[in-house]
Amino acid sequence: MCGIVGYVGSGKAAGIIVSGLHRLEYRGYDSAGIAVYPQGADHLQVVKTPGKIDDLEKLMLTEFQDPAVLNATIGIGHTRWATHGEPNQVNAHPHMSGQGNFAIVHNGIIENYRDLKLKLEKKDHHFRSETDSEVLAHLIEECYEGDLRAAVAAALEQVEGTYGIAVICKEHPDMIVAARKGSPIAIGVCDDATIVASDVSAIINHTNKVIFLDDGDVLLARKGDIDITSLKNVPVSRELTNIDWDLTQIEKGGYEHFMHKEIHEQPEALANAIRGRLVVEDGTSKLSGMQMDAYELARIDRVLIAACGTSFYAGMVGKYYFEDFADIPAEIQQAAEFRYRNPIIQRDTCMLAISQSGETADTLAAVREAKRKGAIVLGLCNVVGSTIAREAGRGVYLHAGPEIGVASTKAFTCQVAVLAMMAVALGRTRRLSIQAGRQIAESLQKVPELAQKVLDQEKAIITVAEKYAGVQDAFFIGRGYMYPCAMEGALKLKEISYIHAEGYHAAELKHGPIALLEENVPVFACCPDVPGKSKTIGNMQECRARKAPVIAFATEGDEEIAPHCDDLIVIPRCPEFLAPIPVVIAEQLLAYHVARLRGLPIDQPRNLAKSVTVE
Ligand code: G6P
C-alpha cells in the first residue's frame, strides 16, 4: 500500500527521500509528506499535502527554503493510499506526536486505534487527524522514557493490526527506528548512510545489498550502521540479499508510461522467466526453487491456488495446466476467501500462492493458513525477498524484472509461463509422456517470439482502441483457456480506462448479462483457433443479433472468423495452452491505448495501489 522512505547519513535527506518516494509512488498516491530534522533546530520540519509527490516537491520549494532544512541529514517520508480518513493534508503522513517530538510514517492498519485513542485522550492527548497512524505517534510519545527504540517497541506491544513504520525523534538526531508486522521494511546500508524503505526500488540507486525485516523486528538505524532486535529487545540477525535489478530497469526507458514499457518488455521478461529452466530433451522443467525431488513431486495429489487480481487470473490458467498436463485436481480461490473459508487441506495438498509483489495481505494470510494446516506451500512471486516468497520458504521466482505500473502486465504472462513449467514438471512424475512433455517444452521456448508478434500488431490494436475508446460499458467473453483471458481483459480495461467492463464465460452471457447488450456495448471475444472456437462463434452471433459490436481476438490466417465480427485483433498461431499469453498481451495493449486516448493517469489509476497490504 503506501510507501515509506527514511534516510540517515551524510547526504541531504530531503532530496534523497523525495526521489525515493517518486519510485514508491505506484504503491499509493493520494497524499504525501516528509519530515526532516535540521541540525541544531528546535523542532522537526514537516511538509504534507494532498496529491502526488510532484505536489509535495512544489510545496517543499516554498516551505524548505532554509538551507539548514535542505541540508538536514535525517528524515522520513511517505506516499499514502488512504485507509482511515480522506486523503487531505491533515491525514497525510508523517504524523507528529502531541508535543511534536516524534514524527512517524506508517503503512498498514492499527485495528485497535479507537481504544488506544480513547485511552490517550484521557491522558490529555489531542488528535489532529482521523487516521489510525497518528495514534501510534502519540502512543510512542507516551511510552518514551529516553530510549527511542524501547518506546517504539513498547507502543507496538499495545498495537493490534499491521505496520511497517519509521520514526524519528527530536532528542535523537542521528537515528531512525523502524519496525514491521505485516508490511514490508527493507534496509539499505551504505558506508555513509542507511536507507529504510517499504520497497527496494527506493534503495537500489544507493546500494543493491538489502536486508529485509521480519515480522516482529525492530530496527535501530544510524548512518551506515544497523541493529535489529525483537520487540523484547533480543538481538536478531537477518540475511543480506543481493538485488540484481538496476535503475534503468525501473526507469521508463523512453516510454511514456511504465505500463507501456512493461507490456513491451514481455519478450525479454518471458525469456528470463524460462531461461535455464526447460529441459527439452527430457520433456520437463527444472525449477530448483521448488526444492522438491521427483518423489516429493509425485506425492502431490491436489493443488490449491490462492491469489488476487491479475495473479488470480493467471492462477485460473494454471489450474487448467495442472489438470491437463499433470492429471492433478486443482482448485483456485481468491486468497481472501481462502483465509476465511477453512479450506480442506490434506497431507499431500500443495498450496500455491501467486503474487507479483509477494506482499498482498490476503495472499500472505492464505500462505500462513495453509502452513498452519500442514500443506506443502509454494510461492510464485516476482519480487525477490518479498514476504510471501520468504514465508512460503520455497517456490519459483518469475524473474520478470520490476513491475511498476499499477496494472499488472508482464507478471501475468510470466506467471502463466512458470505455471506451465511447474505443471510439466509435475506431469512428468506421472502420466505425461516424454513426447508430450517435449512438445510443451519446445512450444514454451518460443513464447518470447510469440509475445513479440503480438507487439508488432500494436498499430492495428490502436485503430480498434480509437473506435471504442468512447464507450461506457464492455464485455469480454471466452471459454476454456480463454475464460481467464476474458476475465483479465475486462479487469485490465476497467482498472486503467474506467470503462465498466465485465468478463464472462462465453456461454454464461445468455444467463443474464445479454440483457445489457445494445449497439454501444462492445463485446470482445477471445476466440483464437483452438478447440471450442465454433461454440464461441455461436456466442458472438448471439451478441451481434442484439446489435452489440463484436471484436474478436483471433488467430492470424483464420478466415472463418471474419464474417462473425466487426473488428479483428490478430494473434499469432500457437498451441491452445499458450494462447492466453498472446491474447492477454493484445488485451493489455488495447486497454493501454483506450486509457491513453481517454487521457487517464495510466500508471496510477484512481483508487488503486500496486501492492495491497491491507485486507
Ligand atoms: C493489486 C494490483 C493488481 C494485482 C493485485 C495482486 O490489486 O492493482 O494489479 O494483480 O494487487 O497483486 P500481487 O502482487 O499479489 O500479484
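Biologist: Which residues come nearest to the ligand?

Modeller: This is a predicted model. In it, 13 residues surround the ligand. The ones that come nearest are S311, S355, Q356, S357 and T360.

Biologist: What distance separates a polar side-chain atom of S357 from an oxygen atom of the ligand?

Modeller: Start with the backbone. A backbone N or O atom of Q356 lies 2.7 Å from a ligand oxygen. A609 also uses a polar backbone atom, at 3.1 Å from an oxygen of the ligand. For S357 the polar atom belongs to the side chain, and its distance to a ligand oxygen is 2.6 Å.

Biologist: How much of the ligand's accessible area does the protein cover?

Modeller: Take the ligand on its own. Its accessible area is then 390 Å². The share covered by the protein is 89%.

Biologist: Which pocket does the ligand take up, and which helix gives the largest share of the shell around the ligand?

Modeller: The ligand takes up the space of the largest pocket. Three residues of the shell come from one helix, spanning residues 309-326. That largest share belongs to helix 11.

Biologist: How many residues of the shell are nonpolar, polar and charged?

Modeller: Sort the shell by residue type. One residue is charged and four are nonpolar. The polar residues number eight.

Biologist: Which side chain meets K232 in a salt bridge?

Modeller: Side chains of opposite charge can pair when their charged atoms come close. The count for this model is 29 salt bridges. In one of them, the N to O distance is 2.9 Å, and the partner of K232 is E157.

Biologist: Where do K232 and E157 sit, and how many residues apart are they?

Modeller: K232 is in the loop between strand 13 (225-230) and strand 14 (240-242). E157 is in helix 6 (residues 148-157). The pair links distant parts of the chain, and the separation is 75 residues.

Biologist: Is the peptide bond from H93 to P94 cis or trans?

Modeller: Most peptide bonds are trans. P94 lies in the loop between strand 4 (74-80) and strand 5 (95-96). Omega from H93 to P94 is near 0 degrees, and the bond is cis.

Biologist: What is the phi of Q291, and what is the phi of N342?

Modeller: Most residues other than glycine have a negative phi. Q291 sits in the loop between strand 16 (284-285) and helix 10 (294-299). N342 sits in the loop between helix 12 (335-340) and strand 19 (349-355). Phi is positive in both: near 50 degrees for Q291, and about 55 degrees for N342.

Note on methods:
Residues numbered from 1 in each chain as written. Predicted model: local features only at pLDDT ≥ 70, side-chain atom pairs only at ≥ 80, totals over all residues. Heavy atoms only, no water. Near = heavy atom within 4 Å. Polar contact = N/O pair within 3.5 Å; in protein donor to acceptor, adjacent residues only side chain to side chain. Areas by Shrake-Rupley, 256 points an atom, 1.4 Å probe, with all protein chains shown as cover. 1 Å grid on protein atoms, 1.4 Å probe; cavity = no way out; pocket = protein on both sides within 12 Å on 5 of 7 lines; lining within 4 Å. Sits in = over half its atoms within 2 Å of the grid points. Helix = DSSP H or I, 4+ residues; strand = E, 2+ residues; numbered from the N terminus. Nonpolar A, V, L, I, M, F, W, Y, C, P; charged D, E, K, R; others polar. Salt bridge = Lys/Arg side-chain N within 4 Å of Asp/Glu carboxyl O.
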